[in-house]
Amino acid sequence: MAQMTGVMEMARIGFSARDAEPDVLSRHEPEIALDAGTGRRRSRIVPEVPLVLDGEVVEDLDRMEAEITGPLFMTRLVYDSTVALGAFTDRAAMLSEARRLSADTESTALRDSEHVCTSNPDSLEDIVRFWEDAGEQGDIRSVGPGRGYSDLSHLHRGFLGAGNWDNIISSLSWCRFDVSLFDLTGFDASGGEFFAPKGCNTPDLTPFGWNDRASSIANWGT
């Protein structure tokens with residue numbers, strides 16, 4: 001009887017819990033924060049693929065972390081015919097490189113990996129789907145165009161909504177629009193940003209050091 005009462009109580013709490021409404025994003029991509037007076041900084045990035053910082057391969061991660069204390073804007077790229085994590089100290093440079101790569105759908109590195117970009121992103125859905133597990137598996141959360149969540153801890157997940165989405169996302173679908181994941185809440189890029197350009201999927205964030213890392217997410221479509 002006590003066990004049944006506990007289950008009923010969980011059900012009452014779970015089903016009465018309400019998710020936060022998605023944030024409406026600015027039409028001017030992106031409306032992101034930098035520091036926001038919090039003094040927070042990004043946590044250590046440990047990718048499984050080569051890390052290329054502002055065009056140069058990083059050989060010593062410890063030295064990079066000591067020397068680069070500001071935000072890093074990250075995206076997948078191809079370096080020396082190999083899929084790599086591109087990190088940039090300037091967001092405009094990151095966007096330029098990410099969009100150049102997404103247009104290069106004939107790249108050998110892209111064809112030989114699970115990460116695929118389409119030459120016609122306008123044919124895709126305007127929503128992006130985020131998954132709990134790699135390979136687009138597990139619990140799922142969809143985000144429409146021009147929407148985002150500034151704090152994933154306010155989104156319920158799992159059995160009776162007992163869990164949340166903070167530091168959970170492991171893969172995301174391709175989408176008609178650009179998508180961003182942030183290490184900090186509030187779209188605060190001080191903690192780092194991972195950018196997925198429109199028309200490209202990301203079936204596993206682990207190689208890029210972004211598995212179970214995101215605390216806020218954005219679909220920049222309008």
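**View 1. The whole protein, from the outside in.** The accessible surface here comes to about 10900 Å², and 49% of that belongs to carbon and sulfur atoms. Keep in mind as you look around that this is a predicted model. The chain has 222 residues, and buried ones make up 45% of them. Look for the regular pieces next: the protein has four helices and 14 strands. Now think about who touches whom. Among contacts between residues at least 6 apart in sequence, 71% join residues that are at least 24 apart.

**View 2. A nine-stranded open sheet.** If you walk across this sheet, you meet its nine strands in the order 1-8-14-12-13-4-5-2-3. The sheet is open, and its pairing is mixed. As a reminder, strands of a sheet pair through backbone hydrogen bonds, and they can do that either parallel or antiparallel.

**View 3. Zooming in on the edges of the sheet.** Which strands are the edge strands? They are strand 1 (23-24) and strand 3 (56-57), and each of them pairs on one side only. Stay with strand 1 for a moment: two bridges join it to strand 8 (residues 147-149), and this pair runs antiparallel. You can spot the match-up residue by residue, since D23 stands opposite G148 in strand 8.

**View 4. The largest nonpolar core.** In soluble globular proteins, nonpolar side chains tend to be buried together. Here, the largest nonpolar core has 33 residues, and F130, I169, L181 and I217 have the most contacts inside it. Several strands chip in with two or more residues: strand 2 (51-53), strand 5 (82-88), strand 6 (128-133), strand 12 (179-182) and strand 13 (193-196). Strand 5 gives the largest share, three residues. Apart from this core lies another one, made of 17 residues, among them L25, F88, A98 and F195.

**View 5. I217 and its neighbours.** Which residues does I217 touch, if you skip those up to four places away in sequence? The list is F130, V143, G148, Y149, L152, I169, S180, L181 and F187. Three names should ring a bell, F130, I169 and L181, which sit alongside I217 among the residues with the most contacts inside the largest core.

**View 6. The disulfide.** How many disulfides does a search of the whole structure find? Just one turns up. The partners are C117 and C200, with their sulfur atoms 2.0 Å apart. The link is right-handed, with 110° about the S-S bond. C117 lies in the loop between helix 4 (108-111) and strand 6, while C200 lies in the loop between strand 13 and strand 14 (216-219), so the pair ties together parts that are 83 residues apart in sequence. Are these two buried or exposed? C117 counts as buried because its relative accessibility is 9%, and C200 is buried too, at 3%. Another cysteine, C175, is also buried, with a relative accessible area of 2%.

**View 7. Two residues with a positive phi.** S81 has a phi near 65°, which is a positive value in a residue other than glycine. You'll find S81 in the loop between strand 4 (73-79) and strand 5. Its relative accessibility is 62%, so S81 counts as exposed. E136 is not a glycine either, and its phi is positive as well, at about 55°. This residue lies in the loop between strand 6 and strand 7 (137-143). With a relative accessibility of 30%, E136 counts as partly exposed.

Note on methods
Residues are numbered from 1 along each chain as its sequence is written. This is a predicted model: local features need pLDDT of at least 70, side-chain atom pairs count only at pLDDT 80 or more; totals for chains, interfaces and linings use all residues. Side-chain values use heavy atoms; hydrogens and water are left out. A nonpolar core is a set of buried Ala, Val, Leu, Ile, Met, Phe, Trp, Tyr and Cys residues joined through side-chain atoms within 4.5 Å. Buried means under 20% relative accessible area, exposed over 50%, partly exposed in between (1.4 Å probe, protein chains only). Contact means heavy atoms within 4.5 Å. Two strands pair if DSSP finds at least two bridges between them. Accessible areas come from the Shrake-Rupley method with a 1.4 Å probe; for residues, only the protein chains shown count as cover. A disulfide is a pair of cysteine sulfur atoms within 2.5 Å.
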